[in-house]
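Colleague: Could you take a close look at a single part of this model for me? I would like the answer in one piece, in plain terms.

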Amino acid sequence: VERDAHKGMIIGTGGERLTHPVVRVAVTPTGAGYWLVTSDGAIHRFGDGQDFESLTGLGFCAPKPVVSIGASRTGQGYWLLQNDGAVRTFGDAQFYGSTGNLHLNSPVIGMQATPSGKGYWLVAGDGGIFSYGDAQFLGSTGSLRLNSPVSGMQATPYGHGQWLYAQDGGI
C-alpha cells in the first residue's frame, strides 16, 4: 500500500486507487492470499483470495459503513459486517443472524467466525458480544465501564473463548 498525495491511496501492484479507507483484512485459509475491505464495502483481493462480489460490485450503496470482513472456513466466501450489525454474505458464507434490526448501545466493530465456519460472533465497541449459528455466548464486557472502547476481538483456536482488545491496548 502506498499513498499518492494528489490522488489518494493506491493498493497492491495493480495501482488501484481507493476512494474509501481500508477497514479490515481477512486471510485465506491457505495463508497464500487475503481480502481487503473498504468502508464502502468494496473488496480488493490478493494471492489466492477469490472474487465473490462486494456491496459495491452489486451496485449496492452501503447505508452504513462496513467495519469488518470474515473469511469462510473454506475460503470460498466471506461475510461483510456493517456498523449497525447487518451481516452480508458472499460465496459460501452462510447467514446466521445479525443485530441489524436491534437498537444497540454501541456500534458493532468486528466479527469472528467459529472454527467450524457455521457461526460467528459480533462484537460492539462497548464489548457486547452477539452469538449466531454454532457460536456459543461466553460472556461480554457490555455491562462494564471500560477505560477505552473495544476495537476488536480474537477467538481462541477451538472457539471456547475470546480476547477483546481495546483502543488503549487493554485486553
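Modeller: What follows is a description of one strand residue, its sheet and its surface patch. The model is predicted. The residue is V25, which lies in strand β4, residues 22-27.

Start with the sheet. It is open and has three strands, in the order β4-β5-β6, with antiparallel pairing. The edges are taken by β4 and β6 (43-47), each with a single partner strand, so one side of each has no neighbour in the sheet. From one strand to the next, the twist averages 20°. In general, strands of a sheet pair through backbone hydrogen bonds, and the pairing is either parallel or antiparallel. Here, β4 is joined to strand β5 (residues 33-38) over five bridges, in the antiparallel sense. Within these two strands, the residue opposite V25 is L36 in β5.

Now the surface. Is V25 buried, exposed or partly exposed? Its relative accessibility is 46%, so V25 counts as partly exposed. Buried would require under 20%, and exposed over 50%. V25 also belongs to a nonpolar surface patch, which it makes together with V27 and Y34. The area of this patch is about 250 Å².

For contrast, take a residue from a loop. T114 sits between β10 (108-113) and β11 (119-124). With a relative accessibility of 7%, T114 counts as buried, because the cut-off for that class is under 20%. The side chain of T114 makes a polar contact of 2.8 Å with the side chain of D134.

Technical notes
Residues numbered from 1 in each chain as written. Predicted model: local features only at pLDDT ≥ 70, side-chain atom pairs only at ≥ 80, totals over all residues. Heavy atoms only, no water. Patch = residues over 30% accessible without salt bridge, like charges linked within 9 Å, V, L, I, M, F, W, Y side chains within 5 Å. Areas by Shrake-Rupley, 256 points an atom, 1.4 Å probe, with all protein chains shown as cover. Salt bridge = Lys/Arg side-chain N within 4 Å of Asp/Glu carboxyl O. Helix = DSSP H or I, 4+ residues; strand = E, 2+ residues; numbered from the N terminus. Buried < 20%, exposed > 50% of the residue type's maximum accessible area, 1.4 Å probe, protein only. Pairing = 2+ DSSP bridges. Axes fitted to C-alpha atoms, helices over the stretch in contact; angles between N-to-C directions. Polar contact = N/O pair within 3.5 Å; in protein donor to acceptor, adjacent residues only side chain to side chain.
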